[in-house]
Amino acid sequence: MKNTVFLFVLLFTTVAVAQQTATIAPQPPIIPNYAYQYAAKIVCGRPAPTPTYAFQVGAHGTYFTQVNVHNPSRTQGVSIRKKFINAQPDERPTKPTQFFGLGLEPDWATQIDCHNILKHLGLPPGAYVEGFVILESTLEIDVVGLYTADGPSGLISTMEIDRVPARKF
């Protein structure tokens, strides 16, 4: 009888400790479901001839990119993460940056411009960059790129507006 009581107490204690351990175990963080992806072209700065190439990487002028991002939802905020890729000439593969987070309330918008792009790529103001900003979002969003360039006169010589389509994961 004494052994039975001992085994019962031991079993009860083991079960209680196991249940307590299970309830205080840390829960994994909730990771947003980034179901949509957008790849917007970026080009900023003034390209210059490089020692490696006899030709200039881009046309003469200074390039500017603005990527506008809008949350069209009337009721839900959206989580967005973005990363940048400074594509290199001569088909050299290039690693992207880490992701940077961003949130937009319903019907809010933001703009990603050359200043932001260079900062996230760790490049100095005025550096030339050409590549992509990759946006991933929890809801479908509006992404529109505005691309301008000036020529030798310093006046705008070209402007293009491009709506970036969503890619669903």
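**Entry 1. Helix 2 and the sheet**

I began with helix 2, residues 114-121, and found that it lies across strand 1 (36-44), strand 3, strand 4 and strand 6 (129-137). Its direction is at about 70° to strand 3. I note here that the model is a predicted one.

I then traced the sheet itself. It is open, has five strands in the order 4-3-6-1-9, and its pairing is antiparallel. Strand 4 (100-104) and strand 9 (167-168) stand at the edges; each has a single partner strand, so one side of each is left without a neighbour in the sheet.

**Entry 2. Strands 3 and 4**

I looked up how strand 3, residues 78-86, is joined to strand 4. The two pair in the antiparallel sense over five bridges. As one position to inspect, I took S79, whose bridge partner in strand 4 is G103.

I next selected N86, which also lies in strand 3. Is N86 buried or exposed? Its relative accessibility is 17%, and because the cut-off for buried is under 20%, N86 counts as buried. Leaving aside neighbours within four places in sequence, I listed the contacts of N86 as T94, L121, L123, V129 and E130.

**Entry 3. Q37 in strand 1**

I turned to Q37, a residue of strand 1. At 13% relative accessibility, Q37 likewise counts as buried. Not counting residues up to four places away in sequence, Q37 touches I134, L135, E136, P165, A166, R167 and F169.

Which side chain makes a polar contact with the side chain of Q37? I found that of E136, at 2.9 Å. The C-alpha atoms of Q37 and E136 are 4.4 Å apart in space, while the two residues are 99 apart in sequence.

**Entry 4. The chain as a whole**

I closed with the totals. The secondary structure comes to two helices and nine strands, and along the sequence these follow the pattern α-β-β-β-β-β-α-β-β-β-β. The chain has 169 residues, of which buried residues make up 33%.

I also checked the sequence separation of the contacts. Among those between residues at least 6 apart in sequence, 70% join residues at least 24 apart. For the surface, I recorded an exposed area of about 11,400 Å² for the chain, with carbon and sulfur atoms supplying 61% of it.

Definitions and conventions: Residues are numbered from 1 along each chain as its sequence is written. This is a predicted model: local features need pLDDT of at least 70, side-chain atom pairs count only at pLDDT 80 or more; totals for chains, interfaces and linings use all residues. Side-chain values use heavy atoms; hydrogens and water are left out. Two strands pair if DSSP finds at least two bridges between them. Helices (H or I, at least four residues) and strands (E, at least two) are DSSP runs, numbered from the N terminus. Contact means heavy atoms within 4.5 Å. Axes are lines fitted to C-alpha atoms, for helices over the stretch in contact, and angles run from 0 to 180 degrees between N-to-C directions. Buried means under 20% relative accessible area, exposed over 50%, partly exposed in between (1.4 Å probe, protein chains only). A polar contact is a pair of N or O atoms within 3.5 Å; within protein, one must be able to donate a hydrogen and the other to accept it, and residues adjacent in sequence count only if both atoms are side-chain atoms. Accessible areas come from the Shrake-Rupley method with a 1.4 Å probe; for residues, only the protein chains shown count as cover.
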